[in-house]
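Colleague: I would like a close look at one part of this model, with the criteria spelled out as you go, and then a careful account of its surroundings.

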Amino acid sequence: MGSEPWSEKVKTLLANMQLHEKIGQLCQVSGNEGHVSDDLANQIRQGWVGSVINEVDPKTLQHLQHIAINESRLGIPLLIGRDVIHGFKTIFPIPLGQAASWSADLVEQAAAIAAQEASSIGINWTFAPMIDISRDPRWGRIAESLGEDPYLCSVLGAAMVRGFQGEQMSSGKNLAACAKHFAGYGASESGRDYATTNIPENELRNIYLPPFKVAAEAGVATFMSSFSDLDGVPASGNKWLMTEVLRDEWQFQGFVVSDWESIFQLQIHGLTANAKESALLAFDAGIDMEMVSNTYRNHLIELLDAKHIDIEQINVSVAKILTLKEQLGLFDNPELCSDLIPAFYHPDHLAVAKELATKSCVLLQNQNHCLPIDKHNIKNVALIGPLANDGYEQLGTWIFDGEPQHSITLLDAMREECGDAVTINYQAGMSHSRSHSTELFDPAIEAAQQSDVIVLCLGEEAILSGEAHCRADIDLPGNQTQLIDILSKLGKPIVMVLMAGRPLTIETVLPKVDSILYAWHPGTMAGPAISDLLFGNTSPSGKTPVTFPRKVGQIPIYYNQKHSGKPPTEAQCIYIDDIPQRSPQTSLGMAATHLDTHFSPLFEFGFGLSYSEFRYSELQLNQRQILPTDSLTLSFLLKNHGQYDAEEVVQVYIRDLVGSVTRPVKELKRFRRIKLAAGEQQQVTFTLTADDLAFYNRQMKLQSEAGHFHIWVGGSSACTLKQEFELLHD
């Protein structure tokens, strides 16, 4: 151990620990929901527990730490883990919604607030960020993701790490973060949670691993192994992934925790015959701590005795865990002082929650400038929908500690905004989002008939997304489409606000409504954020972090696809009754698309409208040929050509035209939020280097290759303002 970077305190503890106490540090157990059982107390006293998960009562946590520090032989404090995913008490938009803000600053602030609130009751470790690349909206955990793009996910994931951990984890206001799920979990077949993932190594390295590498470089304290089978070797037993890539290549110094019972599940996968083999495979692969299941506790000693593992392996894993406890300051200040617990829902926290919710909303459609609503020229607004006044559902998935009584709903906010000047005629229309009953339709229709404009608040309940909540059909659930059909025939302007944990297939409802504001699940401050947008107090500025399919059969559909040998073009299709038919002259050269829908997505990655209009022009490069040691600077003119002050998320994409492995048709490389007053313009510049052009080649080496590139700027991945440049050899 002398050559390892452990502190003297860690070395001293290791030297004095008995074998079972070392193994105890590798074991995480689930709490008892508000009380300390005799069994758990005894396990902690004996040194068999290194971490407790899912306990949030402050007095119970204080009691647990007291036992660990004062009643165990060595007084080693506990890591207290909790899924603090998008807020603790103050709930922010679901991570997919946060990604729609394209704002690293706000994402970092939200994570810091979540850490401050959670740490105040004794939690010191969160299982976030989830940085699985997610290309399948059927997958329930897309809600917990940061979308489909490796660069956007990397930037926002690193921001979450910084927010949770702060500059010094020992501050008492921070949490250790955990990059999950390593790796490839988001590519589960058919969008079914826990299903097999088949990802070639080149795709894994170029698409799925980059956010994890960036998180490691950002100093994330821990990693979590995935549940899933990765090309035949489940991640929790995958030594290549956990040791060769994570430790040897990336030099990650923290520790890896399994996902819930994922070590025990290796035998269910069929990779091992029993729990003993599972413990051996996982520990040898590099899983330092076991979450909840007991294969380490039950089998590591006999595996050591049989010389299948050695004591040095155990010492290294234990040292990593003790080091994190030291970095968190737990040895110096482990016990929570309950009288120091602050009030939750601080006004400053709520202000950030509102701003992030506002900037996460994406305006997908705005026919006839239906939005913003001019409250000075109307008398009545019909607010209809089961999600318009439901403080719980607006919080979204993964909000174990959220409190719906603190939510401000859209109904609350619209009434506050309009006061006595405008009557808000509210009707739920449906008992819940999945309802197939029409018994609440008539009051909703009557409210709509009496109003100047209809605001429909529809979408998915929170329970329809999240872990193990996957959907084969991602249309609007229940009889929502039927309600839209009826209301669309009244001749009133219709604004549809959608709350959901995923992109929904809404192509058929687009002609029936004027405007669509996609709000995801926006959190505690959903109402004020959406109301501000509806009434024009601010302009929408969110951009889609994931592609919206026209039909579920297009999935997976994502912007950074690769060209096939026969890419689809408009010229290859003629349309009869909205079904594209192949023309006879192209029947022998069919393109890579479907017969029964257009090959394009409904809304592309990076898309989002504004109440204003932004124009891009005069794209220039500082040079057309660069050496690997050079920088490429691009500049362009961005003008707010509309009548509203607004923010635009400007995006830079490239294409490597020829590579030793085929390259995507477009890749996001930079983005920035820019606020311009109406009529204002600004010269915008970005800088790229050869490192930004690098990819993993056939030999799985990261390098840039000489050749020609296209570069675009614009407001979505469909941008067309383009220049070309060449990367030269040294």
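What joins the side chains of Glu 326 and Ser 7?

Modeller: The side chains of Glu 326 and Ser 7 are joined by a polar contact of 2.7 Å, the term standing for a pair of N or O atoms within 3.5 Å, of which, within protein, one must be able to donate a hydrogen and the other to accept it, while residues adjacent in sequence count only if both atoms are side-chain atoms. This is a predicted model, in which local features need pLDDT of at least 70 and side-chain atom pairs count only at pLDDT 80 or more, whereas totals for chains, interfaces and linings use all residues. Residues are numbered from 1 along each chain as its sequence is written, and side-chain values use heavy atoms, with hydrogens and water left out.

The two partners are 319 residues apart in sequence, yet their C-alpha atoms are 9.0 Å apart in space. Glu 326 belongs to helix H14, residues 311-327 (helices are DSSP runs of H or I with at least four residues, numbered from the N terminus). Its relative accessible area of 28% is why Glu 326 is classed as partly exposed, the category between buried, under 20%, and exposed, over 50%, for a 1.4 Å probe and protein chains only. Besides Ser 7, Glu 326 touches Lys 9, Val 10 and Phe 331, not counting residues up to four places away in sequence; contact here means heavy atoms within 4.5 Å.

The sequence neighbour of this glutamate, Lys 325, is one of the residues in contact with Leu 79, as are Ile 321, Leu 324, Leu 328 and Leu 330, again leaving aside neighbours within four places in sequence. Other partners of Leu 79 include Val 52, Trp 125, Phe 255 and Met 289. Leu 79 is itself among the residues that touch the most other members of the largest nonpolar core, which has 115 residues; such a core is a set of buried Ala, Val, Leu, Ile, Met, Phe, Trp, Tyr and Cys residues joined through side-chain atoms within 4.5 Å. Trp 125, Phe 164 and Leu 322 are also in that group. Apart from this core lies another, of 44 residues, including Ile 94 and Met 496.

Phe 164 leads on to the internal voids. The whole structure holds 3 cavities of 30 Å³ or more, a cavity being a set of points, on a 1 Å grid over the protein atoms alone, where a 1.4 Å probe fits but cannot get out, with lining residues having an atom within 4 Å of a point. Phe 164 helps to line the second largest, together with residues including Ile 85, His 86, Val 107 and Met 160. The volume of this second largest cavity is about 50 Å³, where volume is the space filled by probe spheres set on grid points joined across faces, edges and corners. Helix H6 (104-119) and helix H7 (150-165) each supply at least two lining residues, and the largest share, 4 residues, comes from H6. By class, this lining has 8 nonpolar, 3 polar and no charged residues, with Ala, Val, Leu, Ile, Met, Phe, Trp, Tyr, Cys and Pro counted as nonpolar, Asp, Glu, Lys and Arg as charged, and the others, Gly among them, as polar.

The largest cavity has a volume of about 120 Å³, and of its 14 lining residues the closest to the centre are Gln 25, Ile 44, Gly 47, Ser 72 and Ile 76. Its lining divides into 8 nonpolar, 4 polar and 2 charged residues.

Methods:
1 Å grid on protein atoms, 1.4 Å probe; cavity = no way out; pocket = protein on both sides within 12 Å on 5 of 7 lines; lining within 4 Å.
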